[in-house]
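Please take me through this structure stop by stop. I have it open in a viewer and want to know what to select next and what is there.

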2 protein chains.
Amino acid sequence: MPDRDGYPTIDEMELGEIFAALADPHRRQVVFALAREPQGGERSCSSFDLPVTKATRTHHFRVLREAGLIRQRDIGNGRMNKLRREELNRRFPGLLELLLAEKD
Amino acid sequence: MPDRDGYPTIDEMELGEIFAALADPHRRQVVFALAREPQGGERSCSSFDLPVTKATRTHHFRVLREAGLIRQRDIGNGRMNKLRREELNRRFPGLLELLLAEKD
DNA sequence: TAACAGGTACGAAAACTATCATACCTGACA
DNA sequence: TGTCAGGTATGATAGTTTTCGTACCTGTTA
């Protein structure tokens with residue numbers, strides 16, 4: 001079962017879901033940006049330059065969260081996002097490097 | 001432009017397409033099996049135990065081919081499939097290891 | 001308090017995907 | 001030659017995904 005906060009645990013993360021989440025260019029852009037943040041770096045949902053409405057943005061962040069890629073935390077009236085870096089490196093070693101190697 | 005045979009060249013391979021291709025469990029099963037073959041190993045389309053009709057099977061192999069994951073070669077009245085291992089390792093180092101680490 | 005900005009929830013439309021049935025083509029082989 | 005097995009092409013259907021508009025909630029700030 002998921003975390004008490006609704007996040008998948010490491011063991012619940014599925015490669016299929018991760019790949020599906022990362023197949024979308026907007027979501028890949030978000031994860032790419034988060035992966036370049038310094039350790040523990042966070043960014044608000046609105047700080048990513050996604051060319052979609054905020055309803056759609058909410059949708060994409062949900063997909064990322066449910067796949068296990070990010071953690072979200074409410075702060076003020078915004079929501080901060082952090083890559084689940086340690087856990088991802090443990091569960092899917094090489095995944096983030098793969099993403100970071102992508103040249104835009 | 002693609003290869004003269006319709007395959008994407010290394011530079012044309014796109015991470016998004018690769019991820020989309022590998023998001024499907026049937027296709028992941030095929031690539032997983034091919035990745036465990038010895039170097040240069042080939043297998044016919046029908047040798048994978050996919051619980052779908054042959055029309056659907058054709059569809060999945062097309063997706064894998066167009067993403068750049070496999071090469072196909074006609075032999076007799078069948079079609080053999082080979083992982084584009086070298087090229088994938090060059091273009092997306094770590095990808096195949098990621099797949100092979102998946103525990104079923 | 002009122003206005004605003006960041007997010008979510010819900011419902012709908014459009015696009016895409018997986019699947020199948022059917023018809024067809026092509027080698028192998030009896 | 002005829003039959004069969006492996007594949008492809010096409011068209012249909014069901015399900016999923018992306019997207020948006022709208023309504024709404026909640027902190028912040030003037």
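The tour below starts where the chains meet, then moves to single residues, salt bridges and cysteines.

**Stop 1: the interface**

Keep in mind that this is a predicted model. Show chain A and chain B together. Select the residues of each chain that contact the other: 13 residues of chain A meet 13 residues of chain B. The two chains bury about 1200 Å² between them. Of that area, 80% is on carbon and sulfur atoms.

Now pick Leu15(A), Phe19(A) and Leu98(A). These residues of chain A lose the most area to chain B. Together they make up 51% of what the chain A side buries.

Which elements give two or more residues to this side of chain A? Color helix H1 (15–23) and helix H5 (95–100) of chain A; they are the answer. H1(A) supplies the largest share, 6 residues. Color the same side by class next. You should find 10 nonpolar, 1 polar and 2 charged residues on the side of chain A that touches chain B.

How many salt bridges cross the interface of chain A and chain B? The rule finds 0. Residue pairs in polar contact across the interface, with both residues at pLDDT 80 or more, also number 0.

**Stop 2: Leu95(A)**

Stay with chain A and select Leu95(A), in helix H5. Is Leu95(A) buried or exposed? Its relative accessibility is 0%, so Leu95(A) counts as buried.

Show what surrounds Leu95(A), skipping residues up to four places away in sequence. Leu95(A) touches Ile18(A) and Leu22(A) in its own chain, and Phe19(B) and Leu98(B) in chain B.

For a distance check, add Val63(A). Leu95(A) and Val63(A) are 32 residues apart in sequence. From C-alpha to C-alpha, they are 17 Å apart in space.

**Stop 3: Gln72(B)**

Switch to chain B. Select Gln72(B), in strand S2 (residues 70–75). Gln72(B) has 13% relative accessibility and therefore counts as buried, the cut-off being under 20%.

Turn on side chains. Which side chains make polar contacts with that of Gln72(B)? One is Arg65(B), at 2.5 Å. Another is Asn81(B), at 2.7 Å.

Widen the selection to contacts of Gln72(B), leaving aside neighbours within four places in sequence. The list is Tyr7(B), Cys45(B), Phe61(B), Arg65(B), Arg79(B), Met80(B) and Asn81(B). Leave Cys45(B) marked; the last stop returns to it.

**Stop 4: salt bridges**

Side chains of opposite charge can pair when their charged atoms come close. How many salt bridges does a search of the whole structure find? The search gives 10 over all chains.

Select Arg28(A) and Glu102(A). They form a salt bridge, with the closest N and O atoms 3.5 Å apart. Arg28(A) lies in helix H2 (residues 25–36) of chain A and Glu102(A) in the segment after H5, so the pair ties together parts that are 74 residues apart in sequence. Arg28(A) counts as buried at 11% relative accessibility. Glu102(A) is partly exposed at 22%.

Go to chain B and select Arg28(B) and Glu102(B). Their side chains meet in a salt bridge of 3.4 Å, N to O. This pair links distant parts of the chain: Arg28(B) is in helix H2 (residues 25–36) of chain B, and Glu102(B) is in the segment after helix H5 (95–100), 74 residues apart. Arg28(B) is buried, with a relative accessible area of 11%. Glu102(B) counts as partly exposed at 23%.

Stay on salt bridges, but look in chain A. Select Arg71(A), Arg84(A) and Glu87(A). Salt bridges that share partners join these residues into one network.

Then move to Arg79(A) and Asp74(A). Their side chains meet in a salt bridge, 2.7 Å from N to O. Arg79(A) is partly exposed, with a relative accessible area of 35%. Asp74(A) is exposed, at 52%.

**Stop 5: the cysteines**

End with Cys45(A) and Cys45(B). Cys45(A) is buried, with a relative accessible area of 16%. Cys45(B) is buried too, at 17%. Cys45(B) is also among the contacts of Gln72(B).

How many disulfides does the structure hold? Over all chains, there are 0.

Conventions
Residues numbered from 1 in each chain as written. Chains lettered and ligands numbered in written order. Predicted model: local features only at pLDDT ≥ 70, side-chain atom pairs only at ≥ 80, totals over all residues. Heavy atoms only, no water. Disulfide = S-S within 2.5 Å. Buried < 20%, exposed > 50% of the residue type's maximum accessible area, 1.4 Å probe, protein only. Contact = heavy atoms within 4.5 Å. Buried area = accessible area lost by both parts, 1.4 Å probe. Salt bridge = Lys/Arg side-chain N within 4 Å of Asp/Glu carboxyl O. Polar contact = N/O pair within 3.5 Å; in protein donor to acceptor, adjacent residues only side chain to side chain. Helix = DSSP H or I, 4+ residues; strand = E, 2+ residues; numbered from the N terminus. Nonpolar A, V, L, I, M, F, W, Y, C, P; charged D, E, K, R; others polar.
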